[in-house]
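Please show the sequence and the structure. A few questions about helix packing and strand pairing will follow.

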Amino acid sequence: MPDSKALARIPLIPANTAPPAPVYPWPAPYKAAMFLSFDIDAESAWTSKDPAHAARLITMSYGGFEARVGMPKLLELLADLDLKATFFITGWAVDAHPAMAEAVVKAGHEIGHHGYHHLLPDPGDPHIEEELERGFDAIKRHLGIKPIGYRAPFGEFTEELRVSLVSHGIVYTSSFRDDVRPYRHRLADGKPGTIELPVTASYDDWMHGLSARFSPRSIFPKEHVLSLWKDELDETRDWGAMVTTVLHPQVSGRPMRFRLLREFLNYAKSCSDVWIATGAEIAANYQRHETEAKR
């Protein structure tokens, strides 16, 4: 049983006090949207779990696959399909693999912030601000960019992080799992926060296809995941809502997952009512309608 004192300290309010997402229209002629996004963690996906992994070279090689194979193949696929995406990248990955990060920008894709060491944001963690600042610095030094989008490592968030992102000029975040349309966060003091582009949990390829030696999860066959992804997209189209992908080059950049992603993206492109866009584009659409609604 949980400690009764700890249970008594749980606030009797929703964890997210933002109002329901407004039903703003998508750009014509689209009726629904897909935020196409990837998380570039590279080896930091593994050292964030245990810094000692840095000396475990086979463990590190799972993350190293991104720069060597996964990212070149994914950039090639996106070019073939004439699609633009957002790549949330850790500052460590930019510092360790600058050519990989530069290739993303050269191909015309958006760069988003994903921490520095891919550390889990925890309440009261003194490293949150350092993680943000080091991530901004790495992206600026190598790419000359200040990202406007942020996705939290491990998909976790705290109020301190929510406030800090606003002070750093982040326009939108993409981590929460509580809606099917964009909305604006409300900070604990009632002030407006970032625009949230909610994640669609079923589109996290790490959950279905991570092929690591010590992963406790089964690897699902292409047919199962493709059926799931198509069904979710089709129902979301009926709702006029949005799906958000969380794809990882060290997963979907491998041959057994690459074919699945290619088939899914071709299917999504065949849906003429779906706007496939970057986070910056979707956030800008939200801002336009939000401004108009205030007039």
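The questions below take up one helix pair and one sheet.

This is a predicted model, in which local features need pLDDT of at least 70, side-chain atom pairs count only at pLDDT 80 or more, and totals for chains, interfaces and linings use all residues. Residues are numbered from 1 along each chain as its sequence is written, and side-chain values use heavy atoms, with hydrogens and water left out.

Reader: Are helices α3 and α11 roughly parallel or roughly antiparallel to each other?
Author: Helices here are DSSP runs of H or I with at least four residues, and strands are runs of E with at least two, numbered from the N terminus. Axes are lines fitted to C-alpha atoms, for helices over the stretch in contact, with angles from 0 to 180 degrees between N-to-C directions. The axes of α3 (residues 57-81) and α11 (residues 255-270) cross at roughly 20° and come within 11 Å. Angles under 35 degrees count as roughly parallel, and therefore α3 and α11 are roughly parallel.

Reader: Which strands are the edge strands of the open sheet with the order β9-β1-β10?
Author: Two strands pair if DSSP finds at least two bridges between them. The three strands of this open sheet have parallel pairing. An edge strand pairs on one side only, which holds for β9 (242-244) and β10 (274-277).

Reader: Which residue of β10 is the bridge partner of F35?
Author: Strand β1 (residues 32-35) pairs with β10 in the parallel sense, over four bridges. In β10, the partner of F35 is A277.

Key. Parallel < 35°, antiparallel > 145°, perpendicular 65-115°, else oblique.
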